[in-house]
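Biologist: I am new to this one, and I would like to learn how its labels are earned. Could you show it to me and take my questions one by one?

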Amino acid sequence: MDWHRAALPLLILSLLESGAQSSPELDHFERKVRPLLVEHCYACHSAENKIKGGLRLDHRAGWETGGDSGPALTPGSPDSSRLLRAVSYDDRDLKMPPKQKLAPEQIETLRQWIANGAPDPRTDAPLAKSKTQAQTADTLWSFQPLAQPTPETRSPAVQNTTWPRDPVDHHLLAALEKNNLHPVNDAPPETLLRRLHLDLTGLPPTPHDLTTSATDSIRNPQSAIRNRIDSLLSSPAFAERWAQHWLDITRFAESSGGGRTLPFKDAWRFRDYIIESLHTDTPLNQIITEHIAGDLLTSNDSTQRRRQLTATAFLALGPTNYEEQDKGLLRMDIIDEQLETIGRSFMGLTIGCARCHDHKFDPISTRDYYALAGILRSTQTLRNYTDNVAHWVDTPLPLDPALEPEMRVKETQLATLNTQLKTITAQVKKLQPSADTLPPDKPIAPNKLPGIVLDDSQAKLVGPWVQSTSFPNYVGAGYIHDAKTSKGDCTATFTPTIPKAGRYEVRVAFTASPTRDEKVPIQILHADGEEDLTIDQSTTPPIDSRFVSLGTYRFEKDGAGFILVSNAGTTGYVTLDAVWLLDEATLATEEKSRTARSNPQLATALAEQKRLQKEIKTLEKTGPNRPETMSVLDDASPADCPIHIRGNIRNLGPTVPRGFIQAAKIPNTPAIPANQSGRRQFAEWITHPQNPLTARVLVNRVWMHLFGEGLVRSVDNFGATGDTPTHPLLLDHLAHDFIADGWSLKKLVRRLVLTRAYQLASLPANTTDWQTNQTTDPDNKLLWRAHRRRLDAHALRDSILTLSGTLDQTFLGPNVQATSVDPNSGASQNLEYDYVFTDTRRSLYAPAFRNKRLDFFEAFDFADINGPIGQRTRSTIAPQALYFLNHPFIIEQSTAAARRLLADKTLTTPDARITHLWLATLGRPPNPTEHQTALTFLIPSSSSPTTPQELHTHLIQTLLATADFRFLD
C-alpha cells in the first residue's frame, strides 16, 4: 500500500513527460480517485492481492467488464452504477468496503469521477506478483511466422556427410553432433518391416512378407523398402489406420454420452468419409475446411455434395447433454465444446480457457473467444431450441443422378400420402370419443384409464405367483400367473379405496389363452354382502379384449370391500392383471363413447386411416431410400455475440463482431459478410498458408505417430504451457514443405519413413554409444535412436485377429443399425447399454459409444473420447497382463490361431510351425534358445495329457503376453 502512494507522484510525472494528454478530469483521477481505489479497493479487487467476485478495479477494462454481476459502473451515470451504490451502503446486501463505510467526501469523489465519464488512463492490466506473465504474439514461438527454408538452413552442414538421406536427417544429425552424440545402428530388416507395416497400416506383416523382404533387401535394400512403402500407402489398410488417428483428434463417437445417451445413427458416415478421404489423399486443409463449412461450399456433383455435408458432422459429434433444460446454456456449451475441439485439434490451442476471462497464458482474449463464438452461434447445430430433449440436425443427402428422379417421385408420393393421413387422422380425432378403445397388443398405464384401477402390483399376494410380460396387452408393468402349480395356495386380494359411496361396476383384466382355466373363482365383498363368481380365462375378455365385467355393486366411502382371486379348484393356468371399478357417471360416459364408435363415418375414417398407414409403410420399403447425415446449417439470422461476463449467459457485456484470434497476424484475413455465419471464412483462416499454427500442428502429429514423440511433445498444446520444439527449424521446414506439397498426408508420411532417422534401431548394438548417449540425452529428444513404442489398442487387437485368421477386412460401411432415434424412448438408450461387441472387423469399426466401450479398449488405453485425443496414454498396469492370461477373447483367438496353424499343410514339421509362429506374432524368427524351449513345451506330458491343439494354444497365448508382441522396436 505504501509503495503505491510513493509511486503515485512518479507515475503522474511519467505520464506528463511521455506526452500523455492531461485534463482536469484526468488530474482529478490521478490525485484523488486512484489513491482512493488503491487504499480501499485493491485489497479485494486487484491482481496484486485477490479478485473477489471476479471484479478488478486496478485497470480500466476491469470495471468496464465488471465481475460476476456485470459492469461496476456506468460512465456519466453515478446513480445507476453498482460501485457507487456499494460504497454508499444504500443496498443492505451490497456494502463495500465491507469493514467500514467511506467518508462522505470520498463517496463524493467517486460520484464526481463517474459523472465526468469515469476517465481512466490505466489501459494495461497489472500482473499478480509471482505469476508468469502471459505470452504475447511477439513472444510465443508458435505465433511466429514459419521460417522459410534457405539453401543453408534446409540441409544444415554435418560432419558425417554419408549418414543423411534427407534434409530431415541433416537437421537431426547436426543437433546430435553439436552435443557430441552419434546415431545408433540401423534397425534389422525384419524389425524395420514390422515397424513400417504397423505404423502405416496397423496390421503386422505376414511371414511371407518377412521372408520375401529379406530376399529383396539383400539385392537392393532401399529400393525394396521404397516399393514396400508405396504398396502400404496405396492400400485401404493405410487409410483405415490413419483415419483412426484423425478420428481421435475429432473426438469421434457414436453416442452423445451422459445419462440419457442417444445413439448417433449416422455417425458412421463421417468415419467412412475420413477413410475415403485419406485413401484418395485428399489434402488435409480441404478436410478441415469441409469439417467446418462443408455445407457452404460449392459442389460439382452429388458425390462431392454428399462428402461436404457429411464432413460437417464434425461439429455435431461432441458430447452433448441433449436433456439440458436451459437451452441458452446448452447452446453456449455446444459452442464452447466446438471451439475447444477446433482449437486443440487443428491449432494446438486451448481456446475454451478464454470463455470466462482472458487466457491466463496464451494471447487469446475473451473478446477473441466471443468473436469466434459469434460464428458458431450463427450456426444451427440443433434441430431447434424448444424440444424437451434436444436433437441434432439430420440432413438428407443427394443420390446419384440415376436414382435421384425415382427418389423424388417416391418422396412426392409419400408427401401426398402423409398429407392425406394427416387430414384423415384429424377427422378420426374429431369423430372418435376421448374414451376410445384401448390400443390392442400394447401395454397401458393404469393412469390412462378412468375410475379406480388396481394393478396386480398393488394386490396382496399369497403363494408363488409368477410375474410375466409374455402377452403384451397388460396393464401396468406386467401380469401374474400361477404357473399351473400350487393349486389352492395362491390368492390375490385387491382392496380399493372408494372416494364416494355409490354403485360401481367391477371389471377384472386377464390374458386369455386356451391353456387358461375355465372356472377361476372370484369373491367380491361389497356393502350389501358377498358374491362368489367364476370366470372363464380360456376365451378373450369381451371388453377391449382385456376386461370382463363381474357386475355392479354398492360400495361405501372408505368402507370394507375387496376382490379376491384364487386358484382353488382349478386345473389350468390362472392369470391376473388388474381390477377396474367404474362409478355410474364414468359408465355413462363410456357407454356414450361406445355408441359414438358405432358411427358409420368413424368406421369409414378408421378404415381409410389404416389403409393409408399400410400404403405409406409399403412405399417406404420399396425403391431407393434417402440417406441422412448429421450436419449443421447456417442460421437464418446470423448475428454477433455479446461477451458473457465470467461465462454467465445472463450476464452480458458488449457485443463483439465476428472474427478470429487477433494475435495470429495473418495477412488478408477474410471478412465476414453480415448475412453469413462466418464458418467458411473461419475455415479459410485456419487453413491459410500463413497461419503459423495449423501446418505445424499437423506435421507434428504425423511425426509423433511415426517416431513416438512429437518434435513438440505436447502435441495438443502449442501454447505457453506446452513444450517448445526440440528442432524448431526442422518443424518449420517440414510445415513449409507440407503446404508446398498440397497438404498431402501420404507425401509427408512417405518422406519421413524413408529418412535414416526413422529407420534407426531402438536397441543399439554398440553399448558404448548407448551409454554415452543415454547419459547426455536420456529422453532421446535428439533422436539418436528409435523410440521403443507400445502398440495401441487398435493395432494390438487387429494383430491378434490377424494371427487367428478371424479378422473381417470388410472396407467401410455401418456397424450399428439404428433407423431412427427417439430422444424420449428408452429403446434409444438401450441400443448402447445393451450392445454386445461380437464382430471381428478392424477395431476402427468397433462402435465408439461414450458410455460403453469394448473392454479391450478399456484395458489398453484407448482414452476418453469426450474430447480430442492427440496422444493416447501409455500405462503399464496389472489388468493388462491379466487380460492376456484369462480373458475369453484371448483364449478364443489363441485357440483359433492354433487350429489355423495346425491346419496349414505347408507346415509339416514342428520346427516349421514354430518358425512360422514366431514370424506371425513377433515379426522375427526364434533364437536358438526360444526354438528349443518351444519344441520342449510342445511335447505332450504323460502326467498331464493334452492335445497338440491345446499345447499350441497355450504357446500362442504365451507369445501374445510377451513384451515383444506388444511393443514395436
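Modeller: Gladly! Let us begin with a network of salt bridges that links Arg788, Arg924, Glu930, Asp964 and Asp969. A salt bridge here is a side-chain nitrogen of Lys or Arg within 4 Å of a carboxyl oxygen of Asp or Glu. This is a predicted model, so local features need pLDDT of at least 70 and side-chain atom pairs count only at pLDDT 80 or more, while totals for chains, interfaces and linings use all residues. Residues are numbered from 1 along each chain as its sequence is written, and side-chain values use heavy atoms, with hydrogens and water left out.

Biologist: How many salt bridges does that rule give?

Modeller: The count comes to 48 salt bridges.

Biologist: What makes aspartate 792 and arginine 241 a salt bridge?

Modeller: Their side chains meet at 3.0 Å, N to O, and the rule asks for a distance within 4 Å, so the pair qualifies. This pair links distant parts of the chain, 551 residues apart: aspartate 792 sits in the loop between β19 (789–790) and α25 (793–804), and arginine 241 in helix α11 (residues 236–249). Helices (H or I, at least four residues) and strands (E, at least two) are DSSP runs, numbered from the N terminus. Both aspartate 792 and arginine 241 are buried.

Biologist: Why is aspartate 482 called buried, and where does lysine 487 fall, buried or partly exposed?

Modeller: Buried means under 20% relative accessible area, exposed over 50%, and partly exposed in between (1.4 Å probe, protein chains only). Aspartate 482 has 0% relative accessibility, so it counts as buried. Lysine 487 has 29%, so it is partly exposed. These two residues form a salt bridge, with their closest N and O atoms 2.9 Å apart.

Biologist: Why are glutamate 615 and arginine 611 said to be separated by about one helical turn?

Modeller: Because they are four residues apart in helix α19 (residues 600–621). Their side chains meet in a salt bridge at 2.7 Å, N to O. Glutamate 615, at 33%, is partly exposed, and arginine 611, at 40%, is partly exposed as well.

Biologist: How do you know how the radius of gyration of the whole chain sits against a compact globule?

Modeller: The radius is taken over C-alpha atoms, and the globule rule is 2.2 Å times the number of residues to the power 0.38. For 969 residues a compact globule would come near 30 Å, but the protein chain has 38 Å. Buried residues make up 51% of the 969, and the chain holds 33 helices and 20 strands.
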